[in-house]
Amino acid sequence: MTGPSRRLPLRFSTQTLLLQLGVVLLVVLLSGAVHAWLTFERLGREAENQALTLARTVASDPSVRADVAAISRLPGTPPRDQLLAGPLMAAAEGARSRTGALFVVITDETGLRLAHPEAERLGERVSTDPSEALAGREVTTRNTGTLGPSAGAKVPVFAPGVGSGAGSGTAGPRTVVGEVSVGYSTETIGQSLARDIVPIAMTAAGSLLAGVLASFLLRRRLQRLTLGLEPEEISTLVHDQVAVLEGVDEGVVGVSADGRISVFNAAAQRLLGQPDLSGTLWSGAPVPPQLKALTEADAREGEAVELIAGGRVLVASARKALHRQEDLGWVVMLRDRTELQHLTRQLDAVGTMSTALRAQRHEFANQLHTIAGFMSIGQHQQAREYLARLAATGPLKFPVDQAELLQDPYLQAFVGAKGVEADERGVALRIGPETLVRGQVTEPQDVTTVLGNLIDNAVNAAVAGSAGERWVELELLDEPSDDGGTLHIVVADSGDGLPGGTDPEDVFAEGFTTASGRVRPAGGQGLGLALARQLARRRGGDVRVLEPGGEGGPGAVFMATLPGTTNSSKDAHGRTGDKQASKRNDG
């Protein structure tokens, strides 16, 4: 046997619709009921006023007053047949038939009926209390008598002469000799209400229809705004979004369909160096123009571009965000490639060095075979001379002139590797005579990035230049300081220099390369100089153009200043100071 099937809960939009319909229906019913009750009360008051007017008219008739007073003076009540054929019965029935009243009843001073629509009721006491009217007060009533429920009035009948100035009758002034009771059936009031209820019902139905239509429109708008998601799904989605956006190292920028930034996570703020830009127009946001170009109409979805922002190399891509074929805007992804680029440059240097070492190993093996040959044939003197020459030149020979001016092993290895690369392209890399680096490099990554970019740019310019001899000259000088030495780098080349009219500051724009003198599309070219300057400025230094070159002279000359990247040892400084002191003494 299978258990009872579980009923799926109603969707939130359906619950909201039903609740709205219930509220609208309740409001319409209450409004209709109150309106009907007020209408019934109004008709009842009108009936009471009409009954009061008719009762006053009958009670003020002189003949009625005289007849009632005459009967009141009699010791008893006249027989029923006499009352039925008397003038009071004729006056009451005439008034009732003319006005459509339910009844017009006339009594004596004791409440006995002298006129009544039903003949068998004549001479009997009235069914409702006549004491108010017999006490001389007019009163309106709603009660149920022998003829059914009614709304009416009771008016006293005064003896003749009261209020007319006669005052000569047997009855004293303002003597109550009877009362007139007039009533209109509440069924007649109900019939009038039934005629008036039609517009009330139509109004209520129209209100209900308008409420239902508004509820359906509100439901559709709610579904469109929430993309058809339930509150529980929205809550889960918010938690997941916060966990994903704040838990990843990649920058995420969401651009809504109306062109505003809807998401700008912490990683994007860190990578772009901006505060939270949520709510800002994407077109006016302070972000690199390459990012905005990714979301333009003619942009190819998923295309990645490389750019520099906040001193970092970023790779950005954008994709369209769709939900059930609804366009939600764009999602821009940012990935930090700075460390990867540093590692890539280091690996390139290591690879170049390993290639040079393999070549030197092969050369060294040949040298060992040569020495072994001399020894095997007994040419010991020639072997010693050969070893002396090897000791003077060293086993490793990088194609870098005056490389011995670099005392830091890291700079020696890196510049030597760059020399091998430049030599393969037909460019001679040499060290300038003013080079003097006595300390040790403490920030190899920043030094490698800046120095490598400047050398690569110079080599490219030399290769593209028109000079017959292609060369790149490098000068390095460290300036000791208590808080870390400053490394000064000057790089010159044999290229054609900057194009005429080029602003030196344009050289550091993303996409510019001195090999062509123009901005290239993003794709790994034209980022080196911009990255080098941003890294230097982040450390408090700078990269600038010393000489633009051109016009028959050598190529452009660049200078970089990198504070806090070297650390001069006291021993090295002490030895240098001792040597300088001894030279002064000798002189």
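This passage describes the overall make-up of a predicted protein model, the surroundings of one threonine, and a set of salt bridges.

The model is predicted, so local features need pLDDT of at least 70 and side-chain atom pairs count only at pLDDT 80 or more, while totals for chains, interfaces and linings use all residues. Residues are numbered from 1 along each chain as its sequence is written, and side-chain values use heavy atoms, with hydrogens and water left out.

The protein contains 15 helices and 19 strands, taken as DSSP runs numbered from the N terminus (helices: H or I, at least four residues; strands: E, at least two). Of its 587 residues, 38% are buried; here buried means under 20% relative accessible area, exposed over 50%, and partly exposed in between (1.4 Å probe, protein chains only). About 32,100 Å² is exposed by the protein, with carbon and sulfur atoms supplying 56% of that area, as computed by the Shrake-Rupley method with a 1.4 Å probe. Contacts are heavy atoms within 4.5 Å; among those between residues at least 6 apart in sequence, 60% join residues at least 24 apart.

A helpful local view is offered by T295, which sits in the loop between α9 (289–294) and β8 (304–309). T295 is buried, with a relative accessible area of 13%. Leaving aside residues up to four places away in sequence, T295 touches W282, A318, W330 and V332. With W282, the side chain of T295 also makes a polar contact of 2.9 Å (a pair of N or O atoms within 3.5 Å, one able to donate a hydrogen and the other to accept it, where residues adjacent in sequence count only if both atoms are side-chain atoms).

Turning to charged pairs, side chains of opposite charge can pair when their charged atoms come close. The count comes to 17 salt bridges, each a side-chain nitrogen of Lys or Arg within 4 Å of a carboxyl oxygen of Asp or Glu. One of them joins E93 and R96 at 2.7 Å, N to O. These two residues lie three apart in helix α4 (residues 87–99), so about one helical turn separates them. R96 is partly exposed at 24% relative accessibility.

Another salt bridge pairs R335 with E250 at 3.3 Å, N to O. This pair links distant parts of the chain, 85 residues apart: R335 belongs to strand β10 (residues 326–336), and E250 to the loop between α7 (231–247) and β6 (251–256). R335 is partly exposed at 34%, as is E250 at 30%. Elsewhere, salt bridges with shared partners join R113, E118, R121 and E124 into one network. Within this network, the closest N and O atoms of R121 and E118 are 3.2 Å apart.
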